[in-house]
Amino acid sequence: MHKVSVSVPAVCTNLGPGYDVLGLALNLRNTVEMALRDDDQLAIQVRGEGADRLPEDFYNPAMMAAITLFQALERAPAGLTLSCANRIPLDVGLGARTALIVGGLVAANNLLGSPLGREALIALAGRIGGEPEAVVAAMRGGLSVCSAGPGDLLYRTVDIEPLHVVLTIPDLPGYPQRLRDDLPQAVPLSDAVHNLGRALLVVEALREGDFGLLGRALADRLHEPYRTGDIPAYREVVAAAREAGADGVALCGAGPALAAFATRDHDAIEQAMAAAFEQAGVTARTLIVAVDTQGVVINVVE
């Protein structure tokens, strides 16, 4: 029996003004394990985050990705065993579904002898999940800069200074699942120019480790103003983070998870953000995670 295990990091996309452009891989991982079977059965198991919500059938994101690859290559094994061990919280803006899609694609590709290279897998995963900036960061690790258009995907990975991020994940069952088309499709030119400049400065700040610049550059006008209103005590939580030592706070993806950036005092920032949510009657989980520089990690067992 041939078996492959694929570990994929979480991703914080958008990073303030970098809407649909920037993605930062974080050392919090989902693992997809896939094995060939001697029979024609499909066995799927989900453990950890999202185990009560992710389907254990053809509609599991990792299985759907694998099937897409099999169909594209017109090759498919008779039977498969799929196991998902998830540490990335589901649907909070940390790319949990992207991690499963990437994991399923990479695992299926390896089971077939790796006919597709990394660039082709990135393109296919971007089409499946619709978030190429998250796919690039998950596959390559680090900070990704991505520009996607119809049939045209450009991206690079930027080397940045090592850092830790405080993640705060409020428990908001009613938080709306956001899509790209929920935002204004036309914006003032001044807002577009603002975000262009600030996004470039976010990249430079992370590359140089200039957290003072990062704190100022994270200001966004294109997506956060339309989403943070659904997060109770958002302004108070950000203020508490800054008072405790954070240089800047950004919404992770479409939220509601928040990422606080700082060079030190991570424990104090973590406690301050959780306490601010608690004062608003909201329970919040917190994590301190490093930026991931590995991207996808593959282990193959013959």
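## Exercises on a predicted model

Just after helix α4, G141 takes a positive phi of about 75 degrees. The model is a predicted one, and the exercises below work outward from this helix to the rest of the chain.

**Exercise 1. Determine whether helix α4 is enclosed or open, and identify what covers its buried residues.**

Step 1. Helix α4 runs over residues 132-140, and eight of its nine residues are buried, so the helix is largely enclosed by the rest of the structure.

Step 2. The buried residues are P132, E133, A134, V135, V136, A137, A138 and M139.

Step 3. The cover over these residues includes strands β1 (3-14), β2 (18-36), β5 (143-149) and β6 (152-158), together with helices α2 (96-111) and α3 (118-129).

**Exercise 2. Describe the surroundings of T168, and follow one of its contacts to a cis peptide bond.**

Step 1. T168 belongs to strand β7, which covers residues 164-170, and because its relative accessibility is 0%, under the 20% limit, T168 counts as buried.

Step 2. Leaving aside residues up to four places away in sequence, T168 touches P256, A257, L258, M273, F277, A284, R285 and T286.

Step 3. Among these contacts, P256 lies in the loop between β8 (248-251) and β9 (258-262), and the peptide bond that leads from G255 to P256 is cis, with omega near 10 degrees. Most peptide bonds, by contrast, are trans.

**Exercise 3. Locate L15 and D265, which have positive phi without being glycine, and state how each is exposed to its surroundings or buried.**

Step 1. Most residues other than glycine have a negative phi.

Step 2. L15, with a positive phi of about 45 degrees, has its place in the loop between β1 and β2, and at 0% relative accessibility L15 counts as buried.

Step 3. D265, whose phi is near 60 degrees, is found in the loop between β9 and α9 (266-279), and with a relative accessible area of 38% D265 is partly exposed.

**Exercise 4. Trace the salt-bridge network that contains D91, and say which parts of the chain the pair with R53 links.**

Step 1. Side chains of opposite charge can pair when their charged atoms come close.

Step 2. R53 forms a salt bridge with D91, the closest N and O atoms being 2.7 Å apart. This pair links distant parts of the chain, with R53 in the loop between β3 (42-48) and α1 (61-73) and D91, 38 residues apart from it, in the loop between β4 (80-86) and α2.

Step 3. D91 also meets R97 in a salt bridge, at 2.8 Å from N to O, and R53, D91 and R97 are thus linked in a network of salt bridges.

Step 4. At 19% relative accessibility D91 counts as buried, whereas R53 at 46% and R97 at 34% are partly exposed.

**Exercise 5. Assess whether the radius of gyration of the protein chain agrees with that of a compact globule, and describe the chain as a whole.**

Step 1. For 302 residues a compact globule would have a radius of gyration near 19 Å, and because the protein chain has 19 Å, the value agrees.

Step 2. The C-alpha trace spans about 60 × 40 × 35 Å along its principal axes, and the secondary structure comes to nine helices and 11 strands.

Step 3. Buried residues make up 51% of the 302 residues, while residues 24 or more positions apart account for 74% of the contacts with a separation of 6 or more.

Methods. Residues are numbered from 1 along each chain as its sequence is written. This is a predicted model: local features need pLDDT of at least 70, side-chain atom pairs count only at pLDDT 80 or more; totals for chains, interfaces and linings use all residues. Side-chain values use heavy atoms; hydrogens and water are left out. Helices (H or I, at least four residues) and strands (E, at least two) are DSSP runs, numbered from the N terminus. The radius of gyration is taken over C-alpha atoms; the globule rule is 2.2 Å times the number of residues to the power 0.38. Buried means under 20% relative accessible area, exposed over 50%, partly exposed in between (1.4 Å probe, protein chains only). Contact means heavy atoms within 4.5 Å. A salt bridge is a side-chain nitrogen of Lys or Arg within 4 Å of a carboxyl oxygen of Asp or Glu.
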